[in-house]
Amino acid sequence: MHLGREQLFLIPHSLTISYQQTEGWVHCTHPFCLYLFMAVVYIHKRLDNNSVFYVGIGLDTKRAYQKKYRNAHWKAIVANHGYSVEVLNVDVTWNEACDIEKSLIAKYKRKCDGGSLCNLTIGGDGIVTGK
């Protein structure tokens, strides 16, 4: 089973990592996984005015380019204005990625907070998954 760019050599022999596999996705249920998986941080920009409208994290750069599993506001922006992808950080730990995501969302602000982002949360609350 492929879990992404995991670094399994960090797991002590006495530690048991449990996971759930659903429809090809693996969901780690152990807090240690937050340090185990490497992640990327990316932003999406509108093509018409180059403004940032989404901040995201994923296990690899493929997530930055996927249109699946996006909210309705994200889809409306993309349909009306198009978008570009900028990967900001590569090979950071999941915890680091969550912290970076939170700081970028605080910087650009969600639309409901007077900013331009269509993010639904303040960030850092994604789950570690691999396909």
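I started with Glu-101, which is buried (under 20% relative accessible area, 1.4 Å probe, protein chains only). Glu-101 has no salt bridge (a side-chain nitrogen of Lys or Arg within 4 Å of a carboxyl oxygen of Asp or Glu). I looked up the nearest side chain of opposite charge: Lys-102, 8.1 Å away. Lys and Arg count as positive here, Asp and Glu as negative; His and the chain ends are not counted.

I note that this is a predicted model, where local features need pLDDT of at least 70, side-chain atom pairs count only at pLDDT 80 or more, and totals for chains, interfaces and linings use all residues. Residues are numbered from 1 along each chain as its sequence is written, and side-chain values use heavy atoms, with hydrogens and water left out.

Next I placed Glu-101 in helix H4. Helices (H or I, at least four residues) and strands (E, at least two) are DSSP runs, numbered from the N terminus. I then listed contacts (heavy atoms within 4.5 Å). Leaving aside neighbours within four places in sequence, Glu-101 meets Val-55, Gly-56, Ile-57, Asn-119, Gly-123 and Gly-124.

I turned to the largest nonpolar core (buried Ala, Val, Leu, Ile, Met, Phe, Trp, Tyr and Cys joined through side-chain atoms within 4.5 Å). It has 15 residues; Val-41, Val-52, Val-55, Ile-57, Trp-94, Ala-97 and Leu-117 touch the most other members. Strands S3 (38-46) and S4 (52-58) and helix H4 (94-108) each give two or more residues. H4 gives the most, with 5. I also found a second, separate core of 10 residues, including Trp-74 and Val-78.

Last, I checked the whole chain: 4 helices and 6 strands. Buried residues make up 38% of its 131 residues.

Terms used: Buried < 20%, exposed > 50% of the residue type's maximum accessible area, 1.4 Å probe, protein only.
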